[in-house]
There are 2 protein chains.
Amino acid sequence: MARDEFKVAVVGATGAVGALMVKVLEERNFPVGEIKLLASARSIGKTLGFRGRQIAVEELVKDSFKGIHLALFSAGSAVSRAFAPVAAQSGSIVVDNSSAWRMDPEVPLVVPEVNGNAAMFHRGIIANPNCSTIQMVVALKPIYDAVGIKRIVVTTFQAVSGTGKRAIEELQAQVADIMRGNETVRQVYPHQIAFNCFPHIGAFLDNGFSEEEMKMVNETRKIFDDHEIRVCATTVRIPVVYGHSESINIETVKKISPEEVRELLKAAPGVKVIDDPSNAGYPVPLDAAGTDDTFVGRIRTDPSVENGLVMWVVADNVRKGAATNAVQIAELLLDSGRL
Amino acid sequence: MARDEFKVAVVGATGAVGALMVKVLEERNFPVGEIKLLASARSIGKTLGFRGRQIAVEELVKDSFKGIHLALFSAGSAVSRAFAPVAAQSGSIVVDNSSAWRMDPEVPLVVPEVNGNAAMFHRGIIANPNCSTIQMVVALKPIYDAVGIKRIVVTTFQAVSGTGKRAIEELQAQVADIMRGNETVRQVYPHQIAFNCFPHIGAFLDNGFSEEEMKMVNETRKIFDDHEIRVCATTVRIPVVYGHSESINIETVKKISPEEVRELLKAAPGVKVIDDPSNAGYPVPLDAAGTDDTFVGRIRTDPSVENGLVMWVVADNVRKGAATNAVQIAELLLDSGRL
């Protein structure tokens, strides 16, 4: 097959991540022969630009995947549960950004820089991990490989774009209302997000952790293929539009210095080290927004525990944390001749 | 002395914390007979309200403290280094909100709910701890006393009011500029703070930690009078105006359940437990703003370590984290007949 003859479907094309998947396919020159934009019936009539043409959005139905080689899903778990198997059975390879299939033992959960090889063993569906997990494992994998990691304690600073377009609009509307002296309106979040923050991402489980926090535990174990690694997460929403930040404390098996970590990470795929704090050099979400890399800084020894390290990791949650990682999985399949 | 005859000076009265000290003295009915508002020469001409009267700001000079019983300082370290000893030698008791004297072995560092007795041994100067330390030790002291704490890992979400009035104005101006589509201006912070965050509070030291992070380490040890307790902090500025939040992982000496911690904290002075996450019940800075308590929620077992606990602690950084704590120290002296 000629490289430009792939038929690609994007499911949830009108959502924040879906629309970005279309953009990233174009930016990265993915060999798309034909693109199909799928969404629910209420998006019929909308169009999205792709390589200078306006493409009409089509309604997602069971027959949507005939002839489709690659289907990128980002329309929520319910849609993925219902339609990813349909697409796979039609012969499409599905890269699914929802949480629906991530912990299924038959579905690889893939971050190309970390466990790209796992993608080769798919049975039609490959899961894209949670945004906050992706950037953490990209930053930690080189350290994990070099000296082992026993325990991770992470606290996140997550952007509202992770919730979707309506949350971005809610933050903007609340800020505008406050500036005008009006009351704010809450529809998406249980608390005002403008000039506020809250440790609440996803529903809460019986153990007191949120779904988002347990994703970071369970997905990290699956991606590292290490069911002994101990992870504790606190995930927090802050009034930032794009870019998740993470404060990460780790305990390594063997000792490693901050200098060695910097050297390891400078050579690591998808990682950029910004670590010159005295000159205000560290990653910030505003600078990471719009980029595809994972940025690491504030690398220092944690003297409060044996073989402790602390660092600060930032990435664009809708790019590396979602759309870019999904397209990179497709590139991996392409490069290995599996697409 | 009749209880309303205390002569009180507030040094730095036109600053964010200084002005609030004046307000808190009034709110808490501190027996002020006469109040003296001191600031630098450029604040001459300003007035502040106290009990319905407008009080003129006076220039801080060496003679300012004659006849003053209590001097509350919040004018930065340089002013405290220069003038706190002068005030003490004039017979005033100084409660100093700067970092100038905190680590001096002859100066007690006091959080009334935690180590109030230390205040009794002052030699004229009592130091008010750093805002992020105060709320952490208030929340942790009941646990420390009940089962011991070996290690604390904390990541903070700090409001711009901790930097002062100019930082609040910078955040508001940047937000307004962004809403109007203008470029933002940075004068106080090295990065835009609107819709952004950065792990940079205070200057950076050779060990890679910031001054703010090391304050949390060193002040906690001094307040708990425990030089073995291990603390690792990452301190982060976020676009919130009032209220610091903290994600805290601890390792206790003896095991304790989240239920037992909740009961302990419900009975603890200055602490309010808000821990009903399924109904979005947890502390948030917007709700803590304007109050004098320390709020604790998201209390859960950290299964990644032996005797691990995680919690979320929020307080108004300029009240409990600064002005209120200073006035509470004065109340302690008053109640023990030492003022």
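**Figure 1. The buried residues of helix α6 in chain A.** In this predicted model, the buried residues of α6(A) are E212(A), E213(A), M214(A), M216(A), V217(A), E219(A), T220(A), K222(A), I223(A) and F224(A). That makes ten of the 14 residues of the helix, so α6(A) is largely enclosed by the rest of the structure. Who does the covering? From chain A, the cover includes α3 (112-115), α4, β8 (149-158), β9 (230-237) and β10 (244-252), and chain B contributes β12 (294-302). The length of the helix can be checked too: at 1.5 Å a residue, residues 211-224 should span 20 Å, and the end C-alpha atoms of α6(A) are indeed 20 Å apart. Look just past the helix as well, where D225(A) has a positive phi of about 50°.

**Figure 2. Helix α7 of chain A and its buried side.** Helix α7 of chain A runs over residues 258-266, and its buried residues are P258(A), V261(A), R262(A) and L265(A). These residues cover an arc of only 100° around the axis, which puts them on the same side of α7(A). A rule of thumb helps here: an α-helix has 3.6 residues a turn, so residues three or four places apart point the same way. Among the elements covering the buried residues of α7(A) are α4 (131-147), β11 (271-273), β12 (294-302) and β13 (308-315), which belong to chain A.

**Figure 3. How the two chains are related.** A turn of 180° with a shift of 0.0 Å along the axis lays chain B on chain A, with an RMSD of 0.0 Å. The two copies are thus related as by a two-fold rotation axis. Both copies use the same surface, since 100% of the contact residues of chain B recur in chain A.

**Figure 4. Aromatic pairs and a ring cluster.** How many aromatic pairs does a search of the whole structure find? Over all chains, there are eleven. In one of them, the ring centres of F65(A) and F73(A) are 5.6 Å apart and the planes meet at 15°, so the pair is stacked. F65(A) is buried, with 0% relative accessibility, and F73(A) is likewise buried at 0%. In chain B, F65(B) and F73(B) also form a stacked pair, with 5.6 Å centre to centre and 15° between the planes. Both F65(B) and F73(B) are buried. Elsewhere, ring pairs join F157(A), W312(A), F157(B) and W312(B) in a cluster.

**Figure 5. Arginines over phenylalanine rings from the other chain.** R300(A) lies over the face of F209(B), 4.4 Å from the ring centre. Now swap the chain letters: the charged end of R300(B) sits over the ring of F209(A), again with 4.4 Å to the centre.

**Figure 6. P277 of chain A meets H200 of chain B.** P277(A) lies in the loop between β11 and α8 (285-288) of chain A. Is P277(A) buried or exposed? Its relative accessible area is 15%, so P277(A) counts as buried. Leaving aside residues up to four places away in sequence, P277(A) touches Y282(A) and R298(A) in its own chain and H200(B) and F204(B) in the other. H200(B) sits in the loop between α5 (165-179) and α6 (211-224) of chain B and is buried, with a relative accessible area of 17%. With the same sequence neighbours left out, H200(B) touches P277(A), A280(A), Y282(A), P190(B) and T235(B).

**Figure 7. Two positive phi values in loops of chain B.** Which phi value does F195(B) take? Phi of F195(B) is near 55°, a positive value in a residue other than glycine. F195(B) belongs to the loop between α5 and α6 of chain B and is buried at 13% relative accessibility. A280(B) is not a glycine either, yet has a positive phi of about 60°. You will find A280(B) in the loop between β11 (271-273) and α8 (285-288) of chain B, where A280(B) is buried with a relative accessible area of 15%.

**Figure 8. N115 in helix α3 of chain B.** N115(B) is part of helix α3, residues 112-115 of chain B. The relative accessible area of N115(B) is 11%, so this residue counts as buried. Not counting residues up to four places away in sequence, N115(B) touches L109(B), V110(B) and I223(B).

Note on methods. Residues numbered from 1 in each chain as written. Chains lettered and ligands numbered in written order. Predicted model: local features only at pLDDT ≥ 70, side-chain atom pairs only at ≥ 80, totals over all residues. Heavy atoms only, no water. Least-squares fit on C-alpha atoms with pLDDT ≥ 70 in both. Contact = heavy atoms within 4.5 Å. Phe/Tyr/Trp six-rings, centres within 6.5 Å; stacked < 30°, edge-to-face > 60°. Buried < 20%, exposed > 50% of the residue type's maximum accessible area, 1.4 Å probe, protein only. Lys NZ or Arg CZ within 6 Å of the ring centre and 35° of its normal. Helix = DSSP H or I, 4+ residues; strand = E, 2+ residues; numbered from the N terminus. Arc of directions from axis to C-beta. Expected span 1.5 Å × (residues − 1).
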